[in-house]
Amino acid sequence: MQVSSLNEVKIYSLSAGRSLPEWLSDRKKRALQKKDVDIRRRIELIQDFEMPTVSTKIKVSRDGQYIMAVGTYKPRVRCFDTYQLSQKFERCLDSEVVTFEILSDDYSKIVFLQCGRFVEFHSQHGHYYRTRIPKFGRDFSYHYPSCDLYFVGASSEVYRLNLEQGRFLNSLQTEASESNVCDINPVHFLFAMGTAEGKVECWDPRTRHRVGLLDCALSSVTADTEVDGLPSISALQFDGALNMAVGTSTGQVLLYDLRSSNPLIVKDHHYGLPIKSIQFHRQLDLIISADSRIIKMWNKDTGKIFTSMEPEHGINDVCLYPNSGMLMTANEAPKMNIYYIPVLGPAPKWCSFLDNLTEELEENPESTVYDDYKFVTRKDLENLGLAHLIGSTLLRAYMHGFFMDIRLYHKAKMMANPFAYEEYRREKIRQKIEETRAQRVQLKKLPKVNKELALKLIEEEGEEQQITRKRKQKNLPSLLKDDRFKVMFENPDFQVDEQSEEFRLLNPLVSKISEKRKRKLKILEELEAQGQEEEEEQEGKASDAESSESSDDEKGWVEEVRKQRKLLRQEEKLKRQERFKEDQQTLLKPQFFEIKEGEEFRSFKDSAKKQKLMKKTLEDRLKLEEKLGTLNVSDTTVGSKQATFKLKKSEQQRKQQEAEKQHRQERKTLRRPASHLKSKRGRGRLFH
């Protein structure tokens, strides 16, 4: 049995745990129960309370003895007897059941609306009769005074089948293209149907005329809700004579008073899923609404969440056992869930042992999984010296920190601070001594921490008591006696720092007032030391002196602020001078800079020149480039400007070009004498 708690509401899941297969023999089941602890501890409230694959609808008979559920596969209906805590019977059907209704107090009269437009009637012995309706049906309701069945579905008509006469009557013509759900008020038998256009039409069965129309789609769109598409009506339920709850396909629940066209409250599930079921709990004024993901219980007057449940599998239907705290769900899974919520009501008579069981669990709470682990932040790990464990199996990341074993945490804390236990022991002894001292008859004693603040509060209390006596009002509770602020006068971490800049500027008269209070504090300390009983007279004198000087304090407000500001400036100046002296005393160390390969160091002036050049405007930079010859600006025939840039060569490229130029000149000089000799030889031959 799993126990969960939300908003201090305990929810017991009675169907939690593994289920044993049906084909196992009793001997094997007993053997498994001996071996497996989880199977032995599970609670099987109703034997084989499940479906082969999926359960779609679940209902309780009016006498509370039988629970009926339909599901697949194959399509079937199962009836469970609560007095025997087991299955009563099972009947297979030809097609899947859309919805069903128990007409009698027990299981003797049942009507099934099936997928293939079939309406099937069952009696106590089994199948009784089968008929068809013209269009595919989605929901139906039974009108007890006239014995009429009202069918709504993929049509604008509402079909009426009279069970007394055994024939179809004239159908109701509506303005809707299709209808999804319907319900009949149990008090005045008003028939209401929810349409695919997001409207609710109300009809009077006596006159067969429409008496009201509600546009729920328009009312469901509020400032806080986001709706994709037109909301259609997916659930509808009456509560008493005047209240009606409507669920939409976009996840909103609207509560109406039939006398008004505007909803009393609009509750959004914030999942965007169609509302599957709506139930009312009258004892606590709750509405239980469910979509395929979550079951929410909320107050119908304020809309405040009472509690919620999120099963593992998708929800198809919800059934609240009458006059109890038991809740059953049909799911997209073989097992049907059973929940027990003691706050909603007692357990049913057939399982009254649940009350004793839950009381024992509350008296002896079991340790949860997180009791053996400690949550620590990254800063805590650094303080304990365990930051190197991040990423290992010893730490499990969770939200803004990590979970670690509580034994490892205690060992690390003992190593980081070995005297922590001694300090804790001393603190506990001191607290015990203080508690025993508090039982003695004492004089008016100020706390050890924030004495001046306590004295101020005592003075203000005295003044307020005098005013309340004159006006005959009730005395307000004292801040010193309030447990919420007790730590402020016990823990030294909460001591007010009167020398801080913020305190002195926000309280410009603190110097004069503190002097008066210091006088009082000295008097009180002397009285405590000597054990005299003249405290009241001394306090009276001090208060008289304070009242005589109150007018001077008000006049000197501006002067005191100025004095405080001057003092703060002087303190800042002294701090600056001290810092300057410290800087002069410190030795300046030389700094070394590394030059990249292939570059030569010229001077620090180049970087300064570059910085100055970057600060100049584009126009100035262009003029400078034009002077250096790296830029050539000329006018074109069209009338625009043409700028030609020459890239600057690096020092290495410049040296390389100079070397190449010198090499070419050397080669030219070497070639000239050879050509000169050749020309001389040619001339000689000519002369010969």
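This note covers the internal cavities and the cysteines of a predicted model.

1. Local features here need pLDDT of at least 70 and side-chain atom pairs count only at pLDDT 80 or more, while totals for chains, interfaces and linings use all residues. Residues are numbered from 1 along each chain as its sequence is written, and side-chain values use heavy atoms, with hydrogens and water left out.

2. Two cavities of 30 Å³ or more are counted, a cavity being a set of points, on a 1 Å grid over the protein atoms alone, where a 1.4 Å probe fits but cannot get out. The largest has a volume of about 50 Å³, volume being the space filled by probe spheres set on the points, which are joined across faces, edges and corners.

3. Lining residues (those with an atom within 4 Å of a point) of the largest cavity are Thr-56, Val-70, Gly-71, Thr-72, Pro-75, Arg-76, Glu-96 and Val-97. Strand 4, residues 66–72, gives the most to this lining, with three residues; strands are DSSP runs of E, at least two residues in length, numbered from the N terminus.

4. The second largest cavity, with a volume of about 30 Å³, is lined by Tyr-150, Leu-172, Phe-191, Trp-203, Asp-204, Pro-205 and Arg-208.

5. As for the cysteines, the model has zero disulfides, a disulfide being a pair of cysteine sulfur atoms within 2.5 Å. Cys-79 is buried, with a relative accessible area of 0%, whereas Cys-147 is partly exposed at 22% (buried means under 20%, exposed over 50% and partly exposed in between, with a 1.4 Å probe and protein chains only).

Technical notes
On a 1 Å grid over the protein atoms alone, a cavity is a set of points where a 1.4 Å probe fits but cannot get out, and a pocket is an open set with protein on both sides within 12 Å along at least five of seven lines; lining residues have an atom within 4 Å of a point. Helices (H or I, at least four residues) and strands (E, at least two) are DSSP runs, numbered from the N terminus.
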